[in-house]
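Student: I'm new to this one. Can we go through it together, with reasons for the terms you use?
Tutor: Sure, let's bring it up and start.

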Amino acid sequence: MIIDRIKNAALYYPLHPKFKQSFDYIAQIDILTLPVGRHEIDNSMYVLVQEYTTKPKAEGKWEAHRRYIDLQYMVQSAEGMGYANIHHLQQGEYIPEKDFLPLFGEGEQIALRSGYFVLLFPEDAHMPSMALGESQPARKIVIKIAV
């Protein structure tokens with residue numbers, strides 16, 4: 001897992017051949033008006049535009065992905081995000097058609113604030129959309145990058 005401010009994105013270009021294209025996409029779109037939902041970038045990447053209300057940690061669910069790296073960019077608001085290595089959690093049954101691995105257990109929580117991004121790799125279990133204090137509306141862009 002990597003968490004940083006979007007202005008430092010160029011530091012991470014060498015880590016994956018699609019990272020520069022992903023960050024360029026964020027810089028070039030109107031992130032406030034791009035419609036909620038799924039948008040194709042190319043055959044190895046797509047973006048999910050999400051708007052939601054952050055929720056109490058008790059309602060959170062751990063997840064990980066095998067086929068995609070998540071680049072999650074917080075556009076507006078802030079959220080708590082659980083983090084743990086998948087090997088520290090109990091793994092459920094992987095759902096290939098959704099690239100979804102449910103996990104169970106305890107981990108750490110980080111704050112993902114407006115203007116920050118997190119890169120989540122296949123070994124990074126995460127629990128997104130948690131409230132930091134009171135629940136609040138949030139807007140986030142998630143770019144799914146094929147491993």
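Student: Which residues lie nearest the centre of the largest pocket?
Tutor: Keep in mind that this is a predicted model. Nearest the centre are Leu-48, Gln-50, Glu-63, His-65 and Pro-128, out of 24 lining residues. The elements giving two or more residues to that lining are β3, β5, β11 and β12, and β3 has the largest share, with five.

Student: What makes some of the lining residues count as charged?
Tutor: Asp, Glu, Lys and Arg count as charged, so Glu-63 in the lining is one of them. The lining divides into eleven charged, seven nonpolar and six polar residues.

Student: Why is strand β11 called largely enclosed?
Tutor: Buried means under 20% relative accessible area. Seven of the seven residues in β11 (residues 124–130) are buried, so the rest of the structure largely encloses this strand.

Student: How do you know that β6 and β11 pair?
Tutor: Pairing takes at least two bridges. β6 (residues 78–85) and β11 have five, in the antiparallel sense, so they count as a pair. In one of the bridges, Asn-85 is partnered with Asp-124 of β11.

Student: What makes the largest nonpolar core a core?
Tutor: Its members are buried residues of types such as Phe, Leu and Ile, joined through side-chain atoms within 4.5 Å. There are 23 of them, and Phe-19, Leu-71, Phe-117, Leu-119 and Ile-143 touch the most other members. A second, separate core has eleven residues, including Trp-62 and Met-127.

Methods:
Residues numbered from 1 in each chain as written. Predicted model: local features only at pLDDT ≥ 70, side-chain atom pairs only at ≥ 80, totals over all residues. Heavy atoms only, no water. Buried < 20%, exposed > 50% of the residue type's maximum accessible area, 1.4 Å probe, protein only. Helix = DSSP H or I, 4+ residues; strand = E, 2+ residues; numbered from the N terminus. 1 Å grid on protein atoms, 1.4 Å probe; cavity = no way out; pocket = protein on both sides within 12 Å on 5 of 7 lines; lining within 4 Å.
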